[in-house]
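Work through the exercises below with the sequence and the model open side by side. Try each task before reading its solution.

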Amino acid sequence: MTKVLLAEDDRTMVSLLTTLLRMEGYDVATLSADMDVLTALQHEKPEVLFMDVHLGKQNGMEIIDAIRRDPALAKVRIIMASGMNLKEECLQRGADHFILKPFMPDDLLSLLKQNNSS
């Protein structure tokens, strides 16, 4: 079972994604907006990180940089999300995928299935 860590500061979005992903057979871990993403990654050891670019006091771009510098986290697949089209910047920083909000649940599931097969 693929484990997905949700790093999203919108509680409604977290609730909806958690329900959706669990229904699709994913193991889901969540973190509160003030919890350090890198610490959560080391603790939860997910295969996939779904992260909002703007996370309260944390900067998603800086988090991508830190993940990609850490050999222990190198295999984590990163899907970034934002209401602004930051696809190019996210991919250049090291994200595997970008999804523009609002998105359809099937779009996220398609990205997760791509991650499963790679």
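## Exercise 1: Two residues of one loop

Met-35 touches Ala-40 and Gln-58, leaving aside residues up to four places away in sequence. This is a predicted model.

**Task.** Place Met-35 and Leu-31 in the fold, and decide whether each is buried, partly exposed or exposed.

**Solution.**
1. Find Met-35. Met-35 sits in the loop between β2 (27-30) and α2 (37-44).
2. Find Leu-31. Leu-31 lies in the loop between β2 and α2.
3. Apply the cut-offs: under 20% is buried, over 50% is exposed, and partly exposed falls in between.
4. Met-35 has 32% relative accessibility, so Met-35 counts as partly exposed.
5. Leu-31 has 7% relative accessibility, so Leu-31 counts as buried.
6. Check the partners of Leu-31. Beyond four places in sequence, Leu-31 is in contact with Leu-5, Leu-6, Ala-7, Glu-8, Val-37 and Ala-40.
7. Check distances. The C-alpha atoms of Leu-31 and Leu-5 are 7.7 Å apart, with their positions 26 residues apart along the chain. For Met-35 and Ile-64, 29 residues apart along the chain, the C-alpha separation is 16 Å.

## Exercise 2: The buried side of α2

**Task.** Which residues of α2 are buried, and why do they lie on the same side of α2?

**Solution.**
1. List them. The buried residues of α2 are Val-37, Ala-40 and Leu-41.
2. Look down the axis. They cover an arc of only 100 degrees, which puts them on the same side of α2.
3. Recall the helix geometry. An α-helix has 3.6 residues a turn, so residues three or four places apart point the same way.
4. Find what they pack against. The buried residues of α2 pack against β1, β3, β4 (54-55), β5 (58-59) and α3.

## Exercise 3: The cores

**Task.** Which residues touch the most other members of the largest nonpolar core, and which element gives the most to this core?

**Solution.**
1. Start with the core. The largest nonpolar core has 23 residues, and Val-37, Leu-41, Leu-49, Met-51, Met-80 and Cys-90 touch the most other members.
2. Assign the sources. β1 (3-7), α2, β3 (48-52), α3 (60-69) and β6 (77-82) each supply at least two residues of this core.
3. Pick the top contributor. α3 gives the most, with four residues.
4. Follow one member. Outside four places in sequence, Cys-90 is in contact with Val-53, Met-61, Ile-64, Met-80, Ala-95 and Phe-98.
5. Look beyond this core. A second, separate core has 18 residues, including Val-4, Leu-17, Tyr-26 and Ile-79.

## Exercise 4: Pocket and backbone

**Task.** What lines the largest pocket, and what is the phi of Lys-45?

**Solution.**
1. Take the volume. The largest pocket holds about 150 Å³ of space.
2. Name the lining: Leu-41, Gln-42, Lys-45, Pro-46, Glu-47, Ala-72, Leu-73, Lys-75 and Val-76.
3. Sort it. The lining has five nonpolar, one polar and three charged residues.
4. Turn to Lys-45, in the loop between α2 and β3. At 61% relative accessibility, Lys-45 counts as exposed.
5. Read its backbone. Phi of Lys-45 is near 50 degrees, a positive value in a residue other than glycine.
6. Set the background. Most residues other than glycine have a negative phi, and most peptide bonds are trans.
7. Check one more bond. The peptide bond from Lys-101 to Pro-102 is cis, with omega near -5 degrees. Pro-102 is in the loop between β7 (97-100) and α5 (105-117).

Key. Residues numbered from 1 in each chain as written. Predicted model: local features only at pLDDT ≥ 70, side-chain atom pairs only at ≥ 80, totals over all residues. Heavy atoms only, no water. Buried < 20%, exposed > 50% of the residue type's maximum accessible area, 1.4 Å probe, protein only. Contact = heavy atoms within 4.5 Å. Core = buried A, V, L, I, M, F, W, Y, C linked by side-chain atoms within 4.5 Å. 1 Å grid on protein atoms, 1.4 Å probe; cavity = no way out; pocket = protein on both sides within 12 Å on 5 of 7 lines; lining within 4 Å. Points joined across faces, edges and corners; volume = space filled by probe spheres on them. Nonpolar A, V, L, I, M, F, W, Y, C, P; charged D, E, K, R; others polar. Arc of directions from axis to C-beta.
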